[in-house]
Amino acid sequence: TYARIACGVLGTVEKVGSKQWYSDSETKMCVRDCKVGTDEHCGGIKEKYSVVFHDSATECCGFQYAYMDTELCEARATYSHTNKYYVDYANQKCSKDCKE
């Protein structure tokens, strides 16, 4: 993206993202629309037309991952823990969502 800095001189403007939440298809969790590394919840900057944006992790989880317990989805999105058990389909067992 370019911005006019002074009479006819163009400079680059760094995109910062909307800070809204969206579903990351690679990690299968809700992440924020911001440059990776600027916030622990950032999943990268996306164009408005490429994903559905949400105002909160809760909203993203409810809309994108309705099959998953909302509290568990939010905990994954914010790197926290629920200390509850959930079905781990990948490993075919019950697992506890807690700090290891």
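Cys34 and Cys42 are joined by a disulfide, with an S to S distance of 1.8 Å. The structure you are looking at is a predicted model, so treat this as a guided walk through its computed features, starting with the cysteines. The torsion about the S-S bond of Cys34 and Cys42 is about -95°, so this disulfide is left-handed. Cys34 counts as buried at 1% relative accessibility, and Cys42 is buried at 10%.

In total the structure holds 3 disulfides, listed here with their torsions.

| Disulfide | S to S distance | S-S torsion |
|---|---|---|
| Cys30–Cys60 | 2.1 Å | about -90° |
| Cys34–Cys42 | 1.8 Å | about -95° |
| Cys61–Cys73 | 2.1 Å | about -80° |

Counting bonded cysteines along the chain, the pattern is 1-4, 2-3, 5-6. With Cys30 in strand β4 and Cys60 in helix α1, their disulfide ties together parts that are 30 residues apart in sequence. Both Cys30 and Cys60 are buried.

The disulfide between Cys61 and Cys73 has its sulfur atoms 2.1 Å apart. This pair links helix α1, home of Cys61, to helix α2 (residues 70–77), where Cys73 sits 12 residues away. Cys61 is buried at 1% relative accessibility, and Cys73 is buried at 2%. Elsewhere, Cys94 is exposed at 58%, while Cys98 is partly exposed at 27%.

Two aspartates are worth a visit too. Asp33 lies in the loop between β4 (29–32) and α1 (57–64) and is buried at 3% relative accessibility. Beyond its sequence neighbours up to four places away, Asp33 touches residues including Lys19, Tyr22, Lys46 and Phe53. Asp88, in strand β5 (residues 85–88), is buried at 13%. The Asp88 side chain makes a polar contact of 2.8 Å with the side chain of Asn91.

How values were computed: Residues numbered from 1 in each chain as written. Predicted model: local features only at pLDDT ≥ 70, side-chain atom pairs only at ≥ 80, totals over all residues. Heavy atoms only, no water. Helix = DSSP H or I, 4+ residues; strand = E, 2+ residues; numbered from the N terminus. Buried < 20%, exposed > 50% of the residue type's maximum accessible area, 1.4 Å probe, protein only. Polar contact = N/O pair within 3.5 Å; in protein donor to acceptor, adjacent residues only side chain to side chain. Contact = heavy atoms within 4.5 Å. Disulfide = S-S within 2.5 Å.
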